[in-house]
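This briefing goes through selected helices, a pocket, and several single residues. Please keep the sequence and the model open while reading.

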Amino acid sequence: MSVSVGHRQLTAGVLLLLLSGTVNASPQQLEAELRERLGSESSAFTVAQVYEQPDAVVAEDIAITYANGDVFTIERYLVEGDYHRPDNVVIDGMAISEAGNSLPFLSVASIELPNASQAVPSIDEMSAPGMVWKALNARDITLNLQGEAADEFFSELDSPPLEGQLHIETLMLEEVSSSAIGLFDMQGVSADFNDLESGISSVLSLANLRIEQLTGIDTPGEESVEHAALNGMDLSGDGWRVALDSAWVEGNSYVGDAGFEGAFFDIGGLLPLLPLEQRQEFETFNKILTGGSGQLQADGRSHSRWAEEGETDRLIADGYVRLSSAAGIEYSLDLPISLPKSVSIEQAMQNPALFESATLHGGEVVVAYTDEGLLPRLTTEIAAHENITEAQAVSMALRQARQLEPLLGSQITKLMTGMVDIMAGHSQALTVNVALPNPFTFNQFMMNPMASTERFTLTFELK
């Protein structure tokens, strides 16, 4: 397949269909616009029949054969309502077939375009700045990843070459533009892939992915989403599996709610997939993290918000990450902050540099670490690697922590010695309470972070 012309013409044709509209016109007008806007001077256009129904115009068995032999087909193209402002456009049985391949590269059982802008849009209109895709509902989408079209597809994604098939039960879009997505909803995703470089095969399933009111996607740092959620993801291969029950995010990069539940990693199963020179290091990682079981479960959440209190606002946040049979971390913070004059919270969230001159008026940060075997297993691996006893490994870690005190300061050294105490098995939990000075600026911290920490008041609790 020609990468430069043929496939791009097919892609343009698909995009036109996915965003089109059609009725109250003659069948001849629909046929002429399909021929003009979906075909090209070098393509052959055929249509079996075009006819009128009550309040609709229908074209059946459309086929466009391009100069390179690729074929674009539609079983039925139906335009309902006013032809120039359609109530609905329905496209049934759409397929793109690459020359010489029996399976279509792309097929879609049905596409529905409610309130389409026109019957058959042109390429110029589709590429115009500010173009908004009003709505699209698609069903039974299949992408066959083989041949030159697949090679071009993965090349544009900067991905290693794959073979396989991707299927999507339903896809729904609303108000999609270059800067925002009103709604993206994808249900029932399944795929099987074969990495042509490594020979690794995998199977993917995803129950659904839904994104609502995503804005700022054309401006880095200004992205914000009302709600996004992923559910029921499972990726597996020969003897390995990675899964995720759910994940979600609301808000932006600075405030909001995000988390995941039911993450599962078959670390042991992934080991044979690695190059030989990396396996020993990964096996050590497996022993420390999972105790040799090779299986890890995890969940986590982060929630943050602004509380406006006159001249001084408060940034309040909490969250946790838990790794089964390894460790857990919980945190909370409450920071009174004064932003520079004439700077709003919204401006500061969109431009992180504005935080550099913000002033903190004290505040508190609490971090609690709970060990379920991670650090003692680290001690065991250090001892084995250095060919020493575990007691000697603990003594070595303690000595190194104290040697760093001139560089890191006494506060950080106390934190490190607390972690060494957990490595030795004497404690299982460490809670650190950090009280910040009043006033204090982020600029001060960035100019000299080590000296700044000495102004913090840290208290420790070992259990």
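The points below are grouped by topic, from helices to backbone angles.

The model is predicted, so local features are reported only at pLDDT of at least 70 and side-chain atom pairs only at pLDDT 80 or more, while totals for chains, interfaces and linings use all residues. Residues are numbered from 1 along each chain as its sequence is written, and side-chain values use heavy atoms, with hydrogens and water left out. Helices (H or I, at least four residues) and strands (E, at least two) are DSSP runs, numbered from the N terminus. Buried means under 20% relative accessible area, exposed means over 50%, and partly exposed lies in between (1.4 Å probe, protein chains only). Contact means heavy atoms within 4.5 Å.

**Helix α9**

- Helix α9 takes in residues 390-403, and its 14 residues should span 20 Å at 1.5 Å a residue (the expected span is 1.5 Å times one less than the number of residues); the end C-alpha atoms are 20 Å apart, which agrees.
- Four residues of α9 are listed as buried, namely A393, V394, A397 and A401.
- These buried residues lie on the same side of α9, because they cover an arc of only 100° around the axis; the arc is that of the directions from the helix axis to the C-beta atoms.
- An α-helix has 3.6 residues a turn, so residues three or four places apart point the same way.
- On the face of α9 turned away from the buried side are the exposed residues A391, R402 and Q403.
- The cover over the buried residues of α9 includes α8 (374-386), α10 (405-408) and α11 (410-423).

**Helices α11 and α6**

- Helix α11 has 14 residues and reaches 20 Å from its first C-alpha to its last, close to the 20 Å expected at 1.5 Å a residue.
- Within α11, the buried residues are Q411, T413, G418, V420, I422 and M423.
- G425 follows α11 and has a positive phi, near 85°.
- Helix α6 (residues 276-290) has 15 residues, which should span 21 Å at 1.5 Å a residue; its end C-alpha atoms are 21 Å apart, in agreement.
- N286, I288, L289 and T290 are the buried residues of α6.
- Elements that cover these buried residues of α6 include α5 (267-270), β13 (295-309), β14 (312-323) and α8.
- G291, just after α6, takes a positive phi of about 70°.

**The second largest pocket**

- Rolling a probe the size of a water molecule over the atoms shows where empty space is left.
- On a 1 Å grid over the protein atoms alone, a pocket is an open set of points where a 1.4 Å probe fits, with protein on both sides within 12 Å along at least five of seven lines; lining residues have an atom within 4 Å of a point.
- The second largest pocket holds about 550 Å³ of space, where grid points are joined across faces, edges and corners, and a volume is the space filled by probe spheres set on the points.
- Its lining has 35 residues, and Y331, L333, L335, V365 and V367 lie nearest the centre of the pocket.
- The lining divides into 27 nonpolar, six polar and two charged residues; Ala, Val, Leu, Ile, Met, Phe, Trp, Tyr, Cys and Pro count as nonpolar, Asp, Glu, Lys and Arg as charged, and the others, Gly among them, as polar.

**Two serines and a histidine**

- S43 sits in the loop between α2 (27-38) and β1 (44-53) and is buried, with a relative accessible area of 16%.
- Apart from neighbours within four places in sequence, S43 is in contact with I64, T65 and Y66.
- S202 belongs to strand β9 (residues 201-215) and is buried at a relative accessible area of 14%.
- With neighbours within four places in sequence left aside, the contacts of S202 are A191, D192, F193, L235, S236, G237 and W240.
- H385 is in helix α8 and is exposed, its relative accessible area being 67%.
- From C-alpha to C-alpha, H385 and H361 are 47 Å apart in space, and they are 24 residues apart in sequence.

**Backbone angles**

- Most residues other than glycine have a negative phi, and most peptide bonds are trans.
- D61, in strand β2 (residues 56-65), has a positive phi near 55° and counts as partly exposed at 46% relative accessibility.
- Q213, in strand β9, has a positive phi of about 50° although it is not a glycine, and at 41% relative accessibility it counts as partly exposed.
- N438 and P439 are joined by a cis peptide bond, with omega about 0°; P439 lies in the loop between β18 (429-435) and β19 (440-441).
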